[in-house]
Amino acid sequence: QPYPFGTPQGHAPAVADGKAPVVKKIPTDKPYVFITMDDGAIQDPSALQLIKDSGAKPTLFLNSKYFKGHEKYFKDIQDQAGIPIEDHTMTHPNLRGKPYEEQRKEICGDADAIQAAFGKRPVLFRPPFGNYDANTQKAVVDCGMKAIVLWTAAVNDGVVQFQAGDKLKAGDIVLMHFRKTFVEDYRAFLERAKQDGLTPVPLPDFLA
């Protein structure tokens, strides 16, 4: 570990006008990269060991519709690997353009379910498909969270895809999912980070 994980290294931008800030990349002059895992639809039995062995600390953004009935699987990842579980709505709708109350229900409902299942209330939110609007930003704050987290690169079918350029850069937030390809996707991320000279570190340390 390049620093003691779990100690604040940076802060989330301030909430302005009651709206959550949107974070796409972490401003850092250190060779750090961040891995995030969404949804929770497929529970690969080797995920826990892979995460522990890697020393990387992913941030999970889970939908309650997917973790319901599989709480132990994700709680083991949380407890044994020290991984945070954050908010991703209850049912994974496209939030953009939806009325405030509908968005609030999806976002707060997921936060409540996560708190009940895993004992800790989420502080970060990822909008499904990366789609959000002013209502989303307001609902996120009203549901007790401090930032909306997007991404700058994604892993699909064992391949890292970049929004710009052809390599990972310091401060990049990488997206992957709990899919059938979990193992190859995670390994592809680790390999790419190593190749690009970056160390995976915990996202919440930089959004304290």
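Student: How much space lies in the largest pocket?

Tutor: About 280 Å³. This is a predicted model, where local features need pLDDT of at least 70, side-chain atom pairs count only at pLDDT 80 or more, and totals for chains, interfaces and linings use all residues. Residues are numbered from 1 along each chain as its sequence is written, and side-chain values use heavy atoms, without hydrogens and water.

Student: What makes a residue part of the lining of the largest pocket?

Tutor: On a 1 Å grid over the protein atoms alone, a pocket is an open set of points where a 1.4 Å probe fits, with protein on both sides within 12 Å along at least five of seven lines, and lining residues have an atom within 4 Å of a point. The largest pocket has 15 such residues, with Pro 84, Ile 85, Glu 86, Lys 120 and Pro 204 closest to its centre.

Student: Why are β7 and β8 called paired?

Tutor: Two strands pair if DSSP finds at least two bridges between them, and strands here are DSSP runs (E, at least two residues) numbered from the N terminus. Four bridges join β7 (residues 153–156) to β8 (residues 159–162), so the antiparallel two count as a pair. One of the partnerships is Asn 156 with Val 159.

Student: What lies between β7 and β8 in their hairpin?

Tutor: Two residues, and Asp 157 in the turn has a positive phi of about 50°.

Student: How do you know that β7 also pairs with β9?

Tutor: β7 and β9 (residues 173–177) share two bridges in the parallel sense, so the cut-off is met. Ala 153 stands opposite Val 174 there.

Key. Grid points are joined across faces, edges and corners, and a volume is the space filled by probe spheres set on the points.
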